[in-house]
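Q: I am new to this structure and would like a careful, close look at a single part of it, with its surroundings explained as well. Please say what each technical term means when it comes up.

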Amino acid sequence: MAAGERFLSEVKEQPAALERVASQAGAIGEIARRAGDARLVRLVAHGSSDNAAAYGVYAFSLLAGLTAFRESISLLTYYATAPDLRDSIVVAISQSGRTPDVVEYVEAARGRALLTIALTNEADSPLADASDVVVPLHAGREEAIAATKTYTTSLAALALLAGAMGGDVEGMAAAVVRCAELIETAIPVLEQDVAGTAALVQAASQLVVIGRGVEFATAREIALKLSETCGLLAEPLTSTDLAHGPVAGLGPHSPVWVVASDDPCLPSALEAAARARRAGAPLIASGDACDRVAGAGIRIPTPSAPRPILAPILSVVPGQLFAWALALARGLDPDSPVGLSKVTVVP
């Protein structure tokens, strides 16, 4: 099998996987009814799944009016604290379902929280066994080390669960299916776009990815994909993070990628792009508003999502494909990054 073939194949499998997640709308609606008295949503995860959790913070707030946060797993598992979970649901995200301290957290929380929910691609896994209920990601076997389809299906599952808790799971399911259709159409074009532009940053040793609001999760995931597959030190920052110091480290050899979606946070992202440009950094812009990023040398447009909250499902795809193309341009195999394994084991 040629280098990167599995990674690229799994990127292209995302539309079908998203449709399978959307087909669970009825079951997810029932889970939401069981969690109906929740006031807090505690999200626990690592790696790409934690990036999805960063998205979940916004999804549960904007769609269901709930306070959601990425829980510090260490407080319970290492520091042995005993948080009051009576008004909480725990949403644990793990593609493999085998991340040890995520499983340990859920085991400790079950019976103390209103409901523990596993989002996992492995319905027969320790996490699934430890949780009250399971939302299978139905992504199919993911063989490339760097996650792609399990990331976007995690976003879809979170949007469906949050939508269900807000009373509109069927409408959200239809919107997820529409996202799948848009990705199916966009991938051939995006694949050509990134193949022609990745070589332009081939010599870069570091890269900053900027996102704000719902798209900060996208910035984190694009940075992770570039770091994992390309041997590139990629750092995700919010637009305000950039202004509070890191902008001083930018220059001609430090590209800045701006995730620009038509969202209330777009003005902040555009201001960050302007700061980076004034510092001399080359700009890469992606998203459905990438044409509004002044001075971008590379633009990778994406279709507009049927609902703004679902934009990250679409806006991450250029980053996935760019990571694939840049890894190959550097003589690396994005299927098997050196030093990484599929299951995250935290010492």
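What follows looks closely at one strand and then at its surroundings.

A: This is a predicted model, in which local features need pLDDT of at least 70 and side-chain atom pairs count only at pLDDT 80 or more, while totals for chains, interfaces and linings use all residues. Residues are numbered from 1 along each chain as its sequence is written, and side-chain values use heavy atoms, with hydrogens and water left out.

To set the scene, the secondary structure of the chain comes to 14 helices and 10 strands, where helices (H or I, at least four residues) and strands (E, at least two) are DSSP runs numbered from the N terminus. The part chosen here is strand 9, made of residues 283-287. Strand 9 belongs to an open sheet of 5 strands, arranged in the order 7-6-8-9-10 with parallel pairing; two strands pair if DSSP finds at least two bridges between them. At the edges of this sheet stand strand 7 (233-237) and strand 10 (298-301), and each has a single partner strand, so one side of each is left without a neighbour in the sheet. On average, and with direction ignored, neighbouring strands of the sheet are turned by 15 degrees against each other.

Strand 9 is joined to strand 10 by 4 bridges, and the two run parallel; on this side, Gly 287 has Pro 301 of strand 10 as its bridge partner. Another 4 bridges join strand 8 to strand 9, again in parallel, and here the bridge partner of Trp 257 is Ile 284 in strand 9.

Burial is the next thing to look at, with buried meaning under 20% relative accessible area, exposed over 50%, and partly exposed in between (1.4 Å probe, protein chains only). In strand 9, 5 of the 5 residues are buried, so the strand is largely enclosed by the rest of the structure. Leu 283, Ala 285 and Gly 287 point one way from the strand, whereas Ile 284 and Ser 286 point the other way, and all of them are buried.

Helices also pack on the sheet, and contact in this account means heavy atoms within 4.5 Å. Helix 12 (residues 266-278) touches strand 6 (206-210), strand 8 (256-259) and strand 9, and its direction makes about 165 degrees with that of strand 8. Helix 14 (residues 317-329) packs on the sheet as well, touching strand 8, strand 9 and strand 10, with its direction at about 150 degrees to that of strand 8. For these angles, axes are lines fitted to C-alpha atoms, for helices over the stretch in contact, and the values run from 0 to 180 degrees between N-to-C directions. Strand 8, helix 12 and strand 9 together make a right-handed β-α-β unit; right-handed means that, with the strands pointing away from the viewer, the path from the first strand over the helix to the second runs clockwise.

Helix 14 leads on to another part of the chain, since it is among the elements that cover the buried residues of helix 1, together with helix 2 (14-22), helix 8 (149-165), helix 9 (169-197) and helix 10 (216-230). In helix 1 (residues 5-12), the buried residues are Phe 7, Leu 8, Glu 10 and Val 11. Seen down the axis of helix 1, they fall within an arc of 160 degrees, so they line one face of the helix; the arc is that of the directions from the helix axis to the C-beta atoms.

Helix 9 also contains Ala 175, which counts as buried at 6% relative accessibility. Leaving aside neighbours within four places in sequence, Ala 175 is in contact with Pro 306, Arg 307 and Leu 310. By contrast, Glu 107, placed in helix 6 (residues 100-109), is exposed, with a relative accessible area of 51%, and Glu 104, also found in helix 6, counts as partly exposed at 39%.

For the chain as a whole, 56% of the 347 residues count as buried. Among contacts between residues at least 6 apart in sequence, 76% join residues at least 24 apart.
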